[in-house]
Each structure stands twice: as C-alpha cells, then as structure tokens.
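Take a walk through this structure, starting from a single residue and working outward. Keep the sequence and the 3D view side by side.

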Amino acid sequence: MKIKVRRYHPHFEPPTIDMEYEVPESLTLLEALHHIKQTKDRTLSFSSMCRSGVCGSCAVRVNGKEELACEYRVKEGDYVEPLSVVDTIRDLIVDFNKSLHSLQRSSAYPLKMHAGMSEEEEKLIERQSDCILCHSCYSSCPVYETNQNFLGPFALTRAYRYAVDSREEQKKAHIDAIVMDGIWDCTLCGNCTTVCPQSIDPKSDIMMLQSMASRFGYTNPNMGSFGSFGLEF
Ligand code: SF4
Ligand code: SF4
C-alpha cells in the first residue's frame with residue numbers, strides 16, 4: 001500500500017514536499033516509518049522512544065487527526081504530517097519547548113502541600129496524572145493556533161490536577177496563575193478531548209477550573225458570569 005509523508009527541511013527549496021512511499025500492510029505507522037528509513041530513504045526524520053504508547057514522543061497527524069504513530073495502523077492513502085501549531089524542526093520532528101514552558105506559567109506543579117491523601121481523593125486526579133505530554137491536544141487546539149500565549153489544554157489539565165489536590169493549601173494561587181491567557185480563552189470546542197490518547201478530558205477540566213475561578217470571585221470576561229459545576233474545594 002502507499003502512504004504520503006509531508007517532508008520538511010529548512011534548507012531545501014521548497015522546504016516542504018509530499019513524498020509517496022510503498023509500505024507493507026498491517027504495520028503500525030511507526031513500523032512503516034522505520035521500514036521507509038531502513039529500505040527507501042535514510043534521511044526521513046521522526047521521533048520515537050518507548051514504541052508502546054507510553055512516552056508520547058511519536059505523535060503526528062494522520063489525515064488531519066492527531067495519532068500516536070506507535071498505536072495507529074497504516075491504511076492505503078494515509079497522509080502523515082507533523083503536529084501542527086508547534087514549530088517543525090525536520091520532517092515529523094517538532095519543537096515542544098514553547099508549549100512546555102506553559103506548564104511553568106500555569107503553576108501546574110505543587111505549591112504548598114501537606115502530607116496524606118485518601119484513595120478516593122487520589123482517584124479524583126488519577127486520569128489527569130496519566131498525561132504523557134504527547135502534545136496532540138495542543139496540535140488540535142484552535143485557540144493555541146491563533147494565540148501562542150494561551151496556556152493550552154495539557155497545562156490547564158495539569159493545573160486542575162494540582163488545584164483540586166486535597167493536599168494543596170494554595171488552591172487560589174493555582175487559579176490566579178491560569179486566568180490570564182488561560183481558562184476564559186478556551187472556546188470549549190472539545191478538540192483536545194477528542195484527540196487525547198490517554199482519554200483525558202481537558203475541556204471538562206477547564207470547565208471545572210472556570211467554576212473554581214468563579215467561586216474565588218473571578219468572572220468570565222466573555223459571558224459576564226459563569227455558573228458553578230458543583231465542585232467542592
Ligand atoms: S476545548 Fe479549549 S483547550 Fe481544548 S482544543 Fe478547544 S479551545 Fe483548545
Ligand atoms: S492531555 Fe492527552 S493529548 Fe494532551 S498532552 Fe496529555 S496525553 Fe497528550
């Protein structure tokens with residue numbers, strides 16, 4: 001079967017070109033990319049590490065949708081390109097530095113925590129803790145596409161994880177950090193939730209953060225006021 005890969009090299013003219021390759025059937029996309037590299041074109045560049053859907057390093061777009069190359073099975077006519085929004089370094093390799101910086105800006109880490117957490121409390125933040133930083137949610141986010149200062153889905157999901165952590169004593173400080181270029185800028189389109197390979201729901205987490213922010217006295221500048229989603233904290 002044939003698949004197409006969007007190639008990119010900053011020093012080529014033109015820098016972007018679509019290349020078609022013949023690959024065997026029944027392969028994962030990552031296996032197909034290795035096959036191309038080993039048998040047809042050694043210059044093809046892509047990222048991979050664990051090969052088992054754990055590290056998140058092989059995320060790409062296939063036919064316009066974010067996928068982990070190690071989990072996706074290739075089909076005839078597939079079109080493979082790098083994640084969008086983030087900068088492309090070479091072929092399918094992208095630069096995560098800018099989006100990773102949003103984790104720091106959003107205080108998506110413990111601030112002042114006391115010890116001890118019940119099993120039930122741990123379950124509340126279990127899903128968010130599964131994020132593998134694959135960046136698929138950023139690639140799919142229409143707000144991040146137009147505003148690179150937007151904190152973005154995985155940073156907000158992590159901020160939620162720490163803001164509702166029962167051990168955290170500075171919950172308001174977490175909210176203060178995600179008001180500007182954060183929770184109110186999200187259009188709640190749900191793209192991030194659709195593409196997440198870990199079944200994390202950043203859209204829902206952002207709605208919960210909006211509710212928390214309302215209870216700390218913040219108002220949604222787009223809607224005047226925002227309702228509560230029944231969150232206790
Ligand atoms: S729901 Fe919000 S964060 Fe998620 S993709 Fe849409 S705009 Fe971006
Ligand atoms: S929230 Fe999901 S899509 Fe976004 S980086 Fe984490 S694992 Fe990937």
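Thr-88 is partly exposed, because 19 other C-beta atoms lie within 10 Å, and a residue is buried only if 20 or more do. The model is a predicted one. Thr-88 sits in strand E6. Leaving out residues up to four places away in sequence, Thr-88 touches Tyr-8, Pro-82 and Val-94. Pro-10 is a partner of another kind: 78 residues separate Thr-88 and Pro-10 in sequence, yet their C-alpha atoms are 9.1 Å apart in space.

Now follow the strand itself. E6 covers residues 87–90, and E7 covers residues 93–95. The two pair in the antiparallel sense, over three bridges. Across the pairing, Thr-88 stands opposite Val-94 in E7. That partner is also among the residues Thr-88 touches. Two residues lie between the strands of this hairpin. Asp-91 takes a positive phi there, near 45°.

Step back to the whole chain. The chain has 233 residues, and 36% of them count as buried. Its secondary structure comes to 10 helices and seven strands. Along the principal axes, the C-alpha trace spans about 60 × 35 × 25 Å. Consider the contacts between residues at least 6 apart in sequence: 62% of these join residues at least 24 apart.

How is the chain divided? Domain 1 takes residues 2–95, and domain 2 takes residues 97–215. Their C-alpha centres lie 28 Å apart. The contact draws 15 residues from domain 1 and 15 residues from domain 2. On the domain 1 side, strand E3 (59–62) and strand E4 (65–68) each supply at least two residues. E4 gives the most to that side, with three residues. By class, the side of domain 1 that touches domain 2 has seven nonpolar, three polar and five charged residues.

Next, the interior. The largest nonpolar core holds 29 residues. Leu-156, Ala-159, Ala-163 and Leu-209 have the most contacts inside this core. Four elements give two or more residues to it: H4, H6, helix H9 (191–195) and helix H10 (202–215). H6 provides the largest share, seven residues. Leu-209 shows how the packing connects. With neighbours within four places in sequence left aside, Leu-209 is in contact with Leu-156, Ala-159, Tyr-160, Ala-163, Ile-178 and Ile-183. Another core, of 21 residues, lies apart from the largest one. Val-5, Ala-59, Leu-83 and Cys-134 are among its members.

Finally, turn to ligand 2. Which residues come nearest to ligand 2? Of the 17 around it, they are Cys-131, Cys-134, Cys-137, Phe-154 and Cys-196. Helix H4 (136–140) and helix H6 (153–163) are the elements that give two or more residues to this shell. H6 has the largest share here, three residues. H6 therefore has two roles to follow in the view: it gives the largest share of the ligand 2 shell, and the largest share of the 29-residue core, whose membership rests on burial and on C-beta atoms within 7 Å. Cys-134 also links two parts of the tour, as one of the residues nearest ligand 2 and a member of the core of 21 residues. By class, the shell around ligand 2 divides into 12 nonpolar, five polar and no charged residues.

Technical notes. Residues numbered from 1 in each chain as written. Chains lettered and ligands numbered in written order. Predicted model: local features only at pLDDT ≥ 70, side-chain atom pairs only at ≥ 80, totals over all residues. Near = placed C-beta within 6 Å. Nonpolar A, V, L, I, M, F, W, Y, C, P; charged D, E, K, R; others polar. Buried ≥ 20, exposed ≤ 12 C-beta atoms within 10 Å, placed from the backbone. Contact = placed C-beta atoms within 7 Å. Domains from an automatic or database assignment. Pairing = 2+ DSSP bridges.
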